[in-house]
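Okay, thanks for squeezing me in. Could someone put the sequence and the model up on the screen, please?

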Amino acid sequence: MNRVVHPIEQESFRRLRARLDTSGFPPLTRAVVERVIHSAADLDYATDLVLAEADLVRGHAALHAGAPVVVDVEMVAAGITRRETVCRLKDARSGPGLTRSAHAVRLAYEEVGPGALWVIGCAPTALEELLALDADPALVIGLPVGFVGAAESKEALRASGLPAVSNVSEKGGSAVAAAALNALLYQPISPEEQQ
């Protein structure tokens, strides 16, 4: 099903491209960078994001093959269009040494198992818990926001070697995390992926 793009969105992307040349990025990288910048109106994401086209290709293929999408909070889920998500935060409980967000990741992993796409835009402890599991994700979009633990959890994600989208700074959030996933959703499946 083709996505109808609203004229305001078209004009927004035209203005973005007039201010930032993204034509040199590989296709999925360009899609993610542009959609994240669009979601936050923040051109600095062009140099703050850390992503690899090969990881995006893997995540894109898994996403379009029906892999589960797990989110850390309902705000991320609300931003993801055209796809059901798994969010177990409402079922989670905090305890000694365990935040609700970390417990929600454990519950979600018990539900979906390996091969999921994980979209974390709020809680650094959710990303830390995911890294502690042997989750074998198709892709981790790790863009939690905050002054405590956000940059460090994203640095740990990059050090883990997992296929990932992250950024260097403390910024991030539900909107940009959802935007990164949506960028992959909106990109058609390539002929190579169809084989």
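I'll go through one helix, the sheet, the cysteines and then two single residues. Keep in mind that this is a predicted model.

Let's start with helix α1, residues 7-19. A quick sanity check on its length: with 13 residues at 1.5 Å a residue, α1 should span 18 Å, and the end C-alpha atoms are 19 Å apart, which agrees. Now, which residues of α1 are buried? Those are Glu9, Phe13 and Leu16. They cover an arc of only 60° around the axis, so they sit on the same side of α1. And what do the buried residues of α1 pack against? That would be α2, residues 27-40. If you rotate to the face of α1 turned away from the buried side, you find the exposed residues Pro7, Ile8, Arg15, Ala18 and Arg19. Yes, that exposed list does include an isoleucine, Ile8.

Next up, the sheet. The sheet is open, has five strands and runs in the order β1-β5-β4-β3-β2, with mixed pairing. The edges are β1 (49-51) and β2 (69-71), each of which pairs on one side only. On average, neighbouring strands here are turned by 15° against each other, if you ignore direction. As a reminder, strands in a sheet pair through backbone hydrogen bonds, in either a parallel or an antiparallel way.

Let's zoom in on one pair. Strand β3, residues 117-120, and strand β4, residues 139-142, are paired in the parallel sense, over four bridges. If you want a spot to look at, Val119 stands opposite Ile141 in β4.

Which strands does helix α9 touch? Helix α9, residues 174-186, packs on the sheet and touches β2, β3 and β4. The direction of α9 makes about 150° with that of β3.

On to the cysteines. How many disulfides do we count? Zero. Cys87 is in no disulfide, and the nearest cysteine sulfur, in Cys122, is 9.9 Å away. The cut-off for a disulfide is 2.5 Å between the sulfurs, so at 9.9 Å from Cys87 the sulfur of Cys122 is too far for a bond. As for their surroundings, Cys87 is buried, with a relative accessible area of 8%, while Cys122 is partly exposed at 35%.

Last bit: two charged residues. Where is Lys171? Lys171 is in the loop between β5 (164-167) and α9. Lys171 is partly exposed, with a relative accessible area of 24%. Leaving out residues up to four places away in sequence, Lys171 touches Asp42, Asp44, Tyr45, Asp48, Pro144, Val145 and Lys154. One distance to go with that: Lys171 and Ile120 are 51 residues apart in sequence and 13 Å apart in space, C-alpha to C-alpha.

The other one is Glu129, in helix α7, residues 124-132. Buried or exposed? Glu129 is buried, with a relative accessible area of 12%. Setting aside neighbours within four places in sequence, Glu129 is in contact with Leu98, Ala102, Val105 and Arg106.

That's my tour, so over to you for questions.

How values were computed:
Residues numbered from 1 in each chain as written. Predicted model: local features only at pLDDT ≥ 70, side-chain atom pairs only at ≥ 80, totals over all residues. Heavy atoms only, no water. Helix = DSSP H or I, 4+ residues; strand = E, 2+ residues; numbered from the N terminus. Expected span 1.5 Å × (residues − 1). Buried < 20%, exposed > 50% of the residue type's maximum accessible area, 1.4 Å probe, protein only. Arc of directions from axis to C-beta. Contact = heavy atoms within 4.5 Å. Pairing = 2+ DSSP bridges. Axes fitted to C-alpha atoms, helices over the stretch in contact; angles between N-to-C directions.
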